[in-house]
Amino acid sequence: MNKAVLEPLIKPSSDTQHEQVEKTAKSSSTAAADKKAAASSEDGVKKKMGYKDVAQRTIYTILMAYVFLACISVGVRFGIFLTLVICFGMFFEVTRINQRFRKERQLPSMKIVKWYFFIASTSFMTINAARAPLRNALPLLAPYEQMLPFLSFSSVMGGLVFFVLSLRKGLYRYQFIQFTWITMTLIVLCAQCSASLHNMMRGMIWFLLPVSCVVNNDIWAYVFGKLFGRTKLLSLSPKKTVEGFLGSFLFTVAWGFWFCGFLSYFPEMYCPAVGFTNDVNTQCVKDPIYIQHEVQLPALVQQLSGGSLSTILVSRAQQHALVLAVFASLLAPFGGFFASGLKRAFKLKDFGDLIPGHGGMTDRMDCQGIMGIFTYFYLRTYVFDRCPALVDITRCALALSVTQRRALMALIAESLGE
């Protein structure tokens, strides 16, 4: 066919293709612009939500701190009440993770089993930890004190019998899974709460100091992470950074040393609990570990200070506080990482929504539990005498036979050089 005849037919097709290319380019550029605008809008929303979260978190942190400091003046009564409330909140949040509500409606007995074991465990835990105040406040109960282990065992057996009788065909597996979950949760929580109560009985300082170290470490880790955080610490907690971890360590150690010295001035803090009121618990002779002595600073520090700092007042309690602060900043956070792993395993953002900006009770107390247990064993091993209280020794000595008491008196006289 003649080329002149074909040319008019080819040109329109070429023009049409060109127009289509231009339309496609325009539509793709428009889509890219829309996508970019949507992304920037999403970033703006995320930034606003981040600022809102920081403000909410800060407000509730300050509010909780002021409420806590106001109530701590009540003394050991508030400490016991707070510990039991925390234990209740954590037990409620953790045990509902594995619940299936349809099956729970078919098994009302499981709710009875759960709360029976919780009440029995926390009751005997509290009585055991607060034996000295209870003995002084309610002397009529002293003869029944030795029955406590047997009563505790009897209550466990009663709950076990009730659980076995409540088993329903077709739901055995679910019931035993729930029973195991309840038991393990109680073991962990009662260990944490019992340790905190025992620390409290040695003096409120050993309850308040570890708690404050963990809180202080959490605050500074958050601040340093926001300001300087670049390197992620763990995949379990994407918001945790190496910079926040190290920065909080320095400030927590400094805080623990100073705060322990500050609390050592108040009898309400360093006196062991012998009753449930401050009038009783402030009447004690100050233990030598709380008395400060001059300690020579290293030569390098003296040179850097131009000789203005040569000595510093330090008590043995402050030296122990340094150990607690190091643990609070370097190892206690792994309790939080463990809780984060548990949440990831069950696809949870938080354990609850009790505290706005913070999550549930377990989200706030995940590090406190392991800190309380460490404090208990550290105090028992390195700080305080592991012998029973004088009242316990006296009660046991008076229960001996005449011959045994005479032998005991001879040993005491010999030790005194008489």
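A residue counts as buried under 20% relative accessible area, as exposed over 50%, and as partly exposed in between. Keep those cut-offs at hand for the exercises below, which work through a predicted model.

**Exercise 1. Classify the partners of a salt-bridge network**

Find the salt bridges of E145 and decide how R131, R135 and E145 are classed by accessibility.

*Solution.*

Step 1: Look for the partners. E145 meets R131 in a salt bridge with an N to O distance of 3.5 Å. The two residues are 14 positions apart, with R131 in helix α5 (131–137) and E145 in the loop between α5 and α6 (148–165). A salt bridge also joins E145 to R135, where the closest N and O atoms are 3.0 Å apart. R135 belongs to helix α5 and E145 to the loop between α5 and α6, so this pair ties together parts that are 10 residues apart in sequence.

Step 2: Put the pairs together. R131, R135 and E145 are linked in a network of salt bridges.

Step 3: Apply the cut-offs. R131 has a relative accessibility of 34%, so R131 is partly exposed. E145, at 15%, is buried, and R135, at 13%, is buried as well.

**Exercise 2. Place a buried salt bridge between two helices**

Which parts of the chain does the salt bridge between K343 and D363 tie together, and are the two residues buried or exposed?

*Solution.*

Step 1: Check the geometry. The side chains of K343 and D363 come to 2.9 Å, N to O.

Step 2: Locate the ends. K343 sits in helix α14 (residues 333–345) and D363 in helix α15 (residues 361–383), so the bridge connects parts that are 20 residues apart in sequence.

Step 3: Add the accessibility. K343 and D363 are both buried.

Step 4: Set this against the total. The structure has 4 salt bridges.

**Exercise 3. Describe helix α7 and its surroundings**

Work out how the span of α7 compares with the expected value, then describe the surroundings of Q178 and H198.

*Solution.*

Step 1: Start with the span. Helix α7 covers residues 172–201. Its 30 residues reach 42 Å from the first C-alpha to the last, close to the 44 Å expected at 1.5 Å a residue. After α7 comes G203, with a positive phi near 140 degrees.

Step 2: Take Q178, which lies in this helix. Its relative accessible area is 3%, so Q178 is buried. Beyond residues up to four places away in sequence, Q178 touches T95, N98, Q99, E104 and M110.

Step 3: Take H198, also a residue of α7. Leaving out neighbours within four places in sequence, H198 contacts N128, A129 and Y376. The C-alpha atoms of H198 and I373 are 9.8 Å apart, although 175 residues separate them in sequence.

**Exercise 4. Map the nonpolar cores and the aromatic cluster**

Which helix gives the most to the largest nonpolar core, and which residues form one aromatic cluster?

*Solution.*

Step 1: Find the core. The largest nonpolar core holds 63 residues, and W206, L209 and Y290 have the most contacts inside it. Helices that each supply at least two residues of this core include α2 (76–95), α4 (108–129), α8 (205–228) and α9 (242–263). Helix α7 gives the most, with 10 residues.

Step 2: Look around one of its members. L209 touches G256, F259, C260, A321 and L324, not counting residues up to four places away in sequence.

Step 3: Look for another core. A second, separate core has 5 residues, among them V94, W181, A339 and F351.

Step 4: Turn to the rings. One aromatic cluster is formed by Y116, F117, F163, F176 and F179, and the whole structure has 28 aromatic pairs.

**Exercise 5. Compare an annotation with the model**

How much helix does the chain have over residues 245–266 and over residues 321–339?

*Solution.*

Step 1: Read the record. The unreviewed UniProt entry lists both ranges under "transmembrane region", along with others including 59–92 and 179–198.

Step 2: Examine residues 245–266. They are 86% helix and 0% strand, with end C-alpha atoms 32 Å apart.

Step 3: Examine residues 321–339. Here the chain is 89% helix and 0% strand, and the end C-alpha atoms lie 26 Å apart.

Step 4: Finish with the whole protein. It has 17 helices and 2 strands, and buried residues make up 35% of its 418 residues. Of the contacts with a separation of 6 or more, 73% join residues 24 or more positions apart.

Key
Residues numbered from 1 in each chain as written. Predicted model: local features only at pLDDT ≥ 70, side-chain atom pairs only at ≥ 80, totals over all residues. Heavy atoms only, no water. Phe/Tyr/Trp six-rings, centres within 6.5 Å; stacked < 30°, edge-to-face > 60°. Helix = DSSP H or I, 4+ residues; strand = E, 2+ residues; numbered from the N terminus. Buried < 20%, exposed > 50% of the residue type's maximum accessible area, 1.4 Å probe, protein only. Contact = heavy atoms within 4.5 Å. UniProt positions renumbered as here; feature names shortened; annotations may be inferred. Core = buried A, V, L, I, M, F, W, Y, C linked by side-chain atoms within 4.5 Å. Expected span 1.5 Å × (residues − 1).
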